[in-house]
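Subject: Structure handover

Hello,

Here is the structure for your records. The notes on its sheets and the helices packed on them follow below.

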Amino acid sequence: METKMWKTDEQSIKEAAQSILNGEVVAFPTETVYGLGADATNEHAIAKIFQAKGRPADNPLIVHVDAPSQIGRYVQEIPEAAQKLIDHFMPGPFTIILKNNKEITPLVTAGLDSVGIRIPNHPIARAFIQATGKPIAAPSANLSGKPSPTKANHVLEDLKGKISGVIEGGATGVGLESTVVDATGEIPIILRPGNVTLEDIKKIVPSARMNNAIQKQDNQPKSPGMKYNHYEPDAPLYVVHGDSDFFQKQIDLYRKKHYKVGVLASDSLMDELDADQLFPCGENDKEIAAKLYDGLRYFNHTNVDLILAEAFSTDGVGQAIMNRLSKAASDHLYQTK
């Protein structure tokens with residue numbers, strides 16, 4: 001299959017939208033990562049997403065719409081707490097899970113009685129969804145288990161020849177997938193951390209909490225990112241918990257064993273380290289989140305035998321960063337006192 005590259009002009013977006021209406025899958029930019037979209041009401045088209053990604057069928061997809069007014073078309077009801085969250089965080093890097101009304105094909109929801117819905121805060125994504133006139137189911141546009149794509153070339157690395165095309169929208173801004181909140185019960189529960197933090201959500205709905213089982217990998221997942229390995233680079237990744245001296249000792253230990261070592265860390269820590277390949281990913285949590293997946297993919301194009309990554313603070317967006325790093329990691333290395 002030829003994979004087309006569409007620009008972001010009106011005619012190109014119309015062509016990409018027509019591909020959706022023809023039952024094909026199209027990668028498109030959002031403010032979080034690139035999504036791999038298909039008509040959420042077309043079972044045959046949705047099956048192509050799972051086939052292209054190699055995605056397990058019990059891993060539900062998020063449905064993307066272009067306006068809050070459309071959410072009611074696909075859910076049974078919108079509870080009061082859910083409406084507050086919608087009003088405050090949508091459009092944006094935020095997904096809300098509600099009881100579905102069966103308008104969406106069961107392949108999207110993995111047979112669950114709930115559906116995750118998001119409104120991207122990205123002009124190209126919104127224009128594309130609007131041009132299709134359809135709800136668009138879209139996981140990240142990568143092979144299942146690999147780092148999510150934050151650039152169009154990341155999509156092509158994984159899916160060229162497997163999908164109909166990609167809308168080239170440049171680098172995404174947030175860099176991590178949306179926060180997912182289950183609002184089907186009385187208390188909203190975060191199932192996947194993201195750029196919208198627990199602290200942000202509690203300001204709107206004080207009873208909201210984090211899912212205690214967020215790291216477990218049993219049972220059928222209610223949200224993407226809750227089960228299966230994710231975000232893994234080609235080389236083994238170890239997360240290093242300790243100071244710069246401890247970090248350098250780990251680098252030196254592996255180099256003595258003739259390993260080529262790559263390091264992913266904040267700018268300030270990077271200045272204190274010496275390794276074979278370095279990827280500085282910024283200093284604050286917003287910068288690190290935006291560069292994280294690009295960094296993991298960077299090492300796929302080097303000759304490193306393993307990657308050592310800094311264990312970042314779990315404050316704010318740092319919780320989402322460490323959630324992704326932990327899912328990508330083969331192991332953690334801890335400094336002992």
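The model is predicted. One open sheet has 5 strands with parallel pairing, in the order S14-S13-S15-S12-S16. Its edges are strand S14 (277-280) and strand S16 (331-334); each has a single partner strand, so one side of each is left without a neighbour in the sheet. From one strand to the next, the twist averages 25°.

Within this sheet, strand S13 (residues 261-265) pairs with strand S15 (residues 306-310) in the parallel sense, over 4 bridges. Glycine 262 has isoleucine 307 in S15 as its bridge partner.

Two helices to note here:
- Helix H8 (residues 244-256) lies across strand S12 (237-241), S13, S15 and S16, and runs at about 175° to S15.
- Helix H11 (residues 318-328) lies across S12, S15 and S16, at about 130° to S12.

There is also an open sheet of 11 strands with mixed pairing, ordered S1-S8-S2-S3-S7-S4-S6-S5-S9-S10-S11. Strand S1 (4-6) and strand S11 (209-210) are the edge strands, each pairing on one side only. Strand S4 (residues 62-64) and strand S6 (residues 114-118) run parallel and are joined by 3 bridges. Opposite valine 63 stands isoleucine 117 in S6.

Helix H1 (residues 10-21) packs on this sheet and touches S1, strand S2 (26-28), strand S3 (35-39), strand S7 (136-137) and strand S8 (165-167); its direction makes about 135° with that of S1. Helix H6 (residues 152-159) lies across S1, S2, S3 and S8, running at about 165° to S8.

Regards

Key:
Residues are numbered from 1 along each chain as its sequence is written. This is a predicted model: local features need pLDDT of at least 70, side-chain atom pairs count only at pLDDT 80 or more; totals for chains, interfaces and linings use all residues. Side-chain values use heavy atoms; hydrogens and water are left out. Two strands pair if DSSP finds at least two bridges between them. Axes are lines fitted to C-alpha atoms, for helices over the stretch in contact, and angles run from 0 to 180 degrees between N-to-C directions. Contact means heavy atoms within 4.5 Å.
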